[in-house]
Amino acid sequence: LMSALRRFFTRLLNFTTRRRDQERLKEEVVSHIAILTEENIRAGMTAEEGRRQAHLKFGAIAEMQEDYIAEKGLPFAEILLVDVRYAVRVLRKSPAFTTVVVLTLMLGIGANVVVFGVLNAALLHPLEVSDPQNLYQVRLKPWMSGRLLTTSYPAFQDFERKNTTFSDMAAINAYSSAAMSWHGGSLREVHGIETSGNYFDLLGVQPEIGRFFHPADENGPGSAPYMVLSEELWRSSFNADPGVVGTIVELNKHPFTVVGVAEGRFHGTERFAWPEYWVPMVNEVQAEGGYDYLNNRSAPAVTVIGRLKPGITPRRATEDLNAIEAELSKDYPTTDRGLEMRLIRPGLYGDEGDAIRGFLFSVTVLALLVLAAACANLTSLFAARAADRSRELALRVALGSSRNRLIRQLLTEAVIVSLAGGAAGVATATLLLHQLSRWRPPYGHLVVSLDSRVYAVGLALALGSALLFGIIPAWQASQSSPLQAMKHGAIESSRLRRFALRDILLCAQIVICTVLVAASLVAARGMVRALHAPLGFQPTGVMLAEMDLGQLGQTGEIALEREKEMIEAVRGLPGVTSVGTANVTPMSGGARGVPVFRIGTTELTFSNSVLATRRYVISPGYLAAAATRLLGGRDVSWHDTADKPQVAVVNETFARAMWGNMPAIGQRFILFGGPIEVVGVVEDGKYHDLAESPEAAVYRPSSQEVEGEVVFVVRSQRAPNQIAQELQHTLGGIEPDAPLSLRSWPDALSGVMFPARAATVALGVMGLLAAMLAVTGIFGMAAYGVSCRMKELGIRVALGASRTEVISAAVGRPIVLLGVGSMLGLLLACLARPLLAQIVFQANPSDLVVVAGAVFTMALLGIAASAVPALRALAVDPSHLMRED
Amino acid sequence: MQPTGEDTAPCKSEILQGTLDLMVLKTLDALGPLHGYGIARRIEQISEEALNVNQGTIYLCLVRLMQKKWIEAEWGTSDNNRKARFYSISKPGRKQLVAETENWRRIAGVIGSLLELEGAK
């Protein structure tokens, strides 16, 4: 091996100094032949004969020289270098062509790299925990309950104690938030995670500084007031102070000791969530400011994750969990439902993973389609170029170049532009992905790290495209007969076949483009539908002010009085038309699946409940402020006090499920163990996401069911930032210590709108790229066709062809292809409906608007692209043309 | 120019290539520094024209041997006052020659006895 290596380096050296070597060899050969000749002459030959014999004896000098070079240097690299140099020269000679190709590839490859970068970060990259393969999250079988919170804390404890299949099991509540204050910093609201003590041990992560908390730190509720900071919180609020360990920090006025800082790359088990702190769950009452779920079996308050014991299959573990759940539902029939369990991979908001995966894979397919369209475009471009260069290529064949070398040369050109395009694409994608990583929407974000996999994909796409668009033209060019090509010039030699190929390519391109245009129209329709979906409330013109009175330790009557006082104060602000409060606004969480019973039910078990409802606690005026229409009866009132009969407003679905067509007002039902009378009925709405089917909802007056958290819903006629300032001033004046967060309602809903928005952006970009490719493709083909047939068109004009005839001769073929391609594309888009359904809610590509829109767009693109060539064809001056060559 | 790979042997076959290498080494070992023509001439004489290769082929062998550092070369003047490159065997070349000779004898012996055996049948 060493000697082989040495030989390689010698060759490399020779490769670089070969000119001198060749001189030397020439000298040697000349001297050799001279000696031979002399000897022959001495042997009695004539001078001429002697020289001839000497040459014969020596053999073919040129061939020997080539072999010599091959033997001495690196033939492959040498040829490559020659090819590359030649290709660069050729490409520089036609900058317009090169720019178009590089830009096309930049768009195609860039789009794919962006999509893959996101897919890689969201799906392929393992979680930043040790041994992520055997980490599972427990879910309920029916797709219900919250995205993450599925299990009550006592039930989690039962699962942890009774299971035989998990080596360890931890509970997480990722919705912790608190007003944080400490003597070195100002009050600010932070969001974090409450976990069982074994969380960090189970995940197998190490702290950046200090330590994590462990099961040994816990001794029952309230025993472990410890806090782990995220690296980001440590940097932003504690100036990355290495002596932060031991600092006392107040969360909702309760002291917690900072024990450590987590590593920057560790952010729990959710890919999109970046918690700012971790506290032990046994201290959640302090951290949450009073809300106790540790002893509440009916509150699904935690996410359960676990590691399987070695050799245990997820299936076996699921059976184990189901057996325990069945047992629990017998022991606690009023709270534990005995639902079936399943195990999923943590990281993507519970079952949202399915949607996210579907979305990303579908977008990947569409991005690849864009690249395929780009390649089809480039294939015809390259084929046309090869045809234009056929005289040059033929000359090279005639001069002894082998066809293999010709193919290699053309492929080298393709690879070079493709690598340039790929590099530009990856660079653009890198910029975009950096922006994406820095983007911090309130509902979580994704940090896209560009690892080698992303670059490898970029390179593979570049080389793959080069092969795809380079091989056909190269092969075709190498097949052409040199004699014919030199005799007849560029086009005529194999015109029929080449045009057939170009036709197919253009058609494929138009088909793909139509699919993508239709897809982006479908997405735009989805977006419009999402924006105008009947929500059961009107977010526009409403400001939300969230305040947590519970965090200040205010409960019961005092909190209610404060709430009333603040509502009155806000009502007095100029421009405010209506105001009310709710514990949470629709589509931002809140209790769901609360069992409702008929009057007279004695055993309040889940099996006896009539329906599961969403529950909101509202103040009088909320319904008006939210613009939720009251269909009958009355709003809740301040007179519905705790000592009066319990009342509620229900929605249509609730009323229909309970009492069918009978009037609901005055009816009664049981909620949380007590009888409640219906005083009003409101319209249905959306409570979780836009895709949900109608759900039951009940609104209870805050005067009868006080909750610490209130959201002021303020409808006003003034600009959001004006009213926000006044709200801050007014509410802060009454309750200066309560953390207040102000947002406009549409902003608050942006998370809900995110899927529709992301789909629109993703598909819109793809559609735009495809449209651009279609324009260049049609334009290229029409322009090329016209330039090739100038003479023919000239003859037609000279023979008296009308303008329409000229135009149809010039651009008829692309237009026909456009029609055929569009129809095929629309058909394909309809077939691709399942794919689109992964991206857009209620995707319907056969929608008349979409079909018409796609046809219109394609027609517009076709006209735009073929207008210039058509005009050129019309401007043909026969007399001028005929005189040419 | 034809694409030529590493394996494109200037001589007719692998064995021949090895043989020619050995012949060149032996020649240089026996006769001392020689120019290309001298080597070619000598091999022709020894093989009595049985080895029908072009003389140009010698230069490919010389390149190969140079790369392996088995021979060295320097410019000099030939008998008839021409500038010529003189090749001489190097130390590793001598070592290689010994090893190759050994090897060649062994193979020749094996082939010889094998052929005899075949003949006896």
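**Briefing on chains A and B**

Of the 121 residues in chain B, 39% are buried, and this value, like the others below, comes from a predicted model. In chain A, which has 885 residues, the buried share is 52%. The points below take up the make-up of each chain, then one residue of chain B, B:T27, and finally the packing of helix 6 of chain A with helix 12 of chain A.

**Chain B as a whole**

- Chain B contains four helices and three strands, and when these elements are read along the sequence they follow the order α-β-α-α-β-β-α.
- Among the contacts in chain B whose partners have a separation of 6 or more, 50% are accounted for by residues 24 or more positions apart.
- The exposed area of chain B comes to about 7300 Å², of which carbon and sulfur atoms supply 53%.

**B:T27 in helix 1 of chain B**

- B:T27 lies in helix 1 of chain B, the helix that covers residues 14–31.
- The relative accessibility of B:T27 is 7%, and B:T27 therefore counts as buried, since the cut-off for that class is under 20% relative accessible area.
- Leaving aside residues up to four places away in sequence, B:T27 is in contact with B:G32, B:L34, B:R42 and B:I43.
- One of these partners, B:R42, stands 15 residues from B:T27 along the chain, and the C-alpha atoms of the two residues are separated by 7.3 Å.

**Chain A as a whole**

- Chain A is built with 28 helices and 21 strands.
- If one takes the contacts in chain A between residues at least 6 apart in sequence, 80% of them join residues at least 24 apart.
- Chain A exposes about 39500 Å², and 61% of that area is supplied by carbon and sulfur atoms.

**Packing of helix 6 with helix 12 in chain A**

- Two packed helices are described by the angle between their axes together with the distance between those axes.
- For helix 6 (residues 95–124) of chain A and helix 12 (residues 352–388) of chain A, the axes come within 10 Å and cross at roughly 165°.
- Angles over 145 degrees count as roughly antiparallel, and helix 6 of chain A and helix 12 of chain A are therefore roughly antiparallel to each other.
- The crossing in which helix 6 of chain A passes helix 12 of chain A is left-handed, and the residues of the contact between these two helices divide into 22 nonpolar, four polar and two charged.

Key. Residues are numbered from 1 along each chain as its sequence is written. Chains are lettered from A and ligands numbered from 1 in the order in which they are written. This is a predicted model: local features need pLDDT of at least 70, side-chain atom pairs count only at pLDDT 80 or more; totals for chains, interfaces and linings use all residues. Side-chain values use heavy atoms; hydrogens and water are left out. Axes are lines fitted to C-alpha atoms, for helices over the stretch in contact, and angles run from 0 to 180 degrees between N-to-C directions. Helices (H or I, at least four residues) and strands (E, at least two) are DSSP runs, numbered from the N terminus. Angles under 35 degrees count as roughly parallel, over 145 as roughly antiparallel, 65 to 115 as roughly perpendicular and the rest as oblique. A crossing is left-handed if the near helix is turned anticlockwise from the far one by less than a right angle, and right-handed if clockwise. Ala, Val, Leu, Ile, Met, Phe, Trp, Tyr, Cys and Pro count as nonpolar, Asp, Glu, Lys and Arg as charged, and the others, Gly among them, as polar. Buried means under 20% relative accessible area, exposed over 50%, partly exposed in between (1.4 Å probe, protein chains only). Contact means heavy atoms within 4.5 Å. Accessible areas come from the Shrake-Rupley method with a 1.4 Å probe; for residues, only the protein chains shown count as cover.
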